[in-house]
Amino acid sequence: MTASEDKFTRQTLLEVWPWTDTLFSLRCTRPLEFRFRAGQFARLGLCKADGGTVWRAYSMVSAPADDYLEFFSVVVPGGDFTSELCRLGPGDALLVERQPYGFLTLDRFPDGRDLWLLATGTGLGPFLSILREPEVWQRFERILLVHSVRTQGELAYRGQIGELPARMQPPGGRARLQYLPLVTREAVPGTLHGRITTLLDNGELEHAAGLALDPAYSRLMLCGNPQMIKDCRELLKARGLQLSLSRKPGQVAVENYW
C-alpha cells in the first residue's frame, strides 16, 4: 500500500512498553485534526531502509478524547512491519493516515441491554477504547469483556481493566463490567481454560458470566483471529444472533482488517 503525503502525518513515538517478548504497546503524538470513534482503527506507516513505506491497520486503544494515540501490537516473526515497529523508541517517527477506518462502533446497535466484547490477542485493543468512553456505561446494563490468549503473561491491560468501572462510571451510569479472561495453553487460577468458540458452543462461557445469550437483549462485538470470528459468527447465527448491517440491524458486529 502507498499513500501520498497529503494522506498522512508524521507523528512522534512517546513511549513503548512490552507485555511479553512478543506483545507490546506504544503511544505516539496525535494530530490535532485526527478524529475517530471508539472502536475504529488507523493505518500506520513505517519508512523502510530501501526508501519504501509499509502500512498496517491498528485499532486505537486510546479514547477519542485522549491527546495521544495508543496501539497494541504483536510481533509477527519475519514481519516487514512489526519487526521494525518493535525496535522503535521514544522520539522515533511513525506515520499515521489522516482518515480513521472501521465500523466496530457502538452505533452498529440501535438498542440492547447486554454487551459482549469477544477478543483474541490484540483484538482487545478496540474494546479498551470503547470502554474508555462514557457512552457504553450509560447504554448497557451488563458489559462482558472476554479476552482469549495462549498464556497468562499475554493478559495485557489486566490491571487497567480492573480500574475502569471506578474511573468511567458516570453519574447515573448503570453498567456493570465483568471481565472474563481465557487462557488456552495453560491452566491459570481465576481464568477460564479453552477457546472462545469451544466455551461458546458448550455453554461454559454463559455459565461463567451468569448470563444467557438472547437475541432480544444481547449485542456482541468480535475482534481478533479471523477463524475465531468466522466460527463465532456461525455459532451465533445458529442461535438467532445475526450480523448487524446498516440496512438490517442485528446483534453482532465484527471488524475485518484482512
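A charge counts as sitting over a ring when NZ of Lys or CZ of Arg is within 6 Å of the ring centre and within 35 degrees of the ring normal. Keep that in hand for the first exercise, and remember that this is a predicted model.

**Exercise 1. Find which charged ends sit over Tyr217 and Tyr101.**

Start with Tyr217. The charged end of Arg113 sits over this ring, 4.1 Å from its centre. Now go to Tyr101: Arg43 lies over its face, at 4.7 Å from the ring centre.

**Exercise 2. Classify the Trp19 and Tyr157 ring pair, and work out what it ties together.**

Step one is the overall tally: the model has seven aromatic pairs. In one of them, Trp19 and Tyr157 sit 4.7 Å centre to centre, with 45° between the planes. Planes under 30 degrees apart would be stacked and over 60 edge-to-face, so the rest are tilted. That makes this pair tilted.

Step two is location. Trp19 is in the loop between β1 (8-18) and β2 (23-29), while Tyr157 is in the loop between β8 (142-149) and α4 (158-168), so the pair ties together parts 138 residues apart in sequence.

Step three is exposure. Trp19 has 26% relative accessibility and counts as partly exposed. Tyr157, at 1%, is buried.

Two extras before you move on. Phe72 joins Trp19 and Tyr157 in one aromatic cluster. Tyr157 also has a positive phi of about 65°, although it isn't a glycine.

**Exercise 3. Do the same for Tyr58 and Phe81.**

Geometry comes first: the rings are 5.7 Å apart centre to centre, with 35° between the planes, which is a tilted pair. Next, place the residues. Tyr58 is in strand β4 (residues 53-59), and Phe81 is in the loop between β5 (68-74) and α1 (82-85), so the pair links distant parts of the chain, 23 residues apart. Finally, check burial: both Tyr58 and Phe81 are buried.

**Exercise 4. Trace the six-strand open sheet and pick out its edges.**

Recall the general idea: strands of a sheet pair through backbone hydrogen bonds, either parallel or antiparallel.

Walk across the sheet and you get β4-β3-β6-β1-β2-β5, with antiparallel pairing. The edges are β4 and β5; each has a single partner strand, so one side of each is left without a neighbour in the sheet. From one strand to the next, the twist averages 40°.

Now zoom in on β1 and β2. These two pair in the antiparallel sense over five bridges. For a specific contact, take Glu15: its bridge partner in β2 is Arg27.

Key: Residues numbered from 1 in each chain as written. Predicted model: local features only at pLDDT ≥ 70, side-chain atom pairs only at ≥ 80, totals over all residues. Heavy atoms only, no water. Phe/Tyr/Trp six-rings, centres within 6.5 Å; stacked < 30°, edge-to-face > 60°. Helix = DSSP H or I, 4+ residues; strand = E, 2+ residues; numbered from the N terminus. Buried < 20%, exposed > 50% of the residue type's maximum accessible area, 1.4 Å probe, protein only. Pairing = 2+ DSSP bridges. Axes fitted to C-alpha atoms, helices over the stretch in contact; angles between N-to-C directions.
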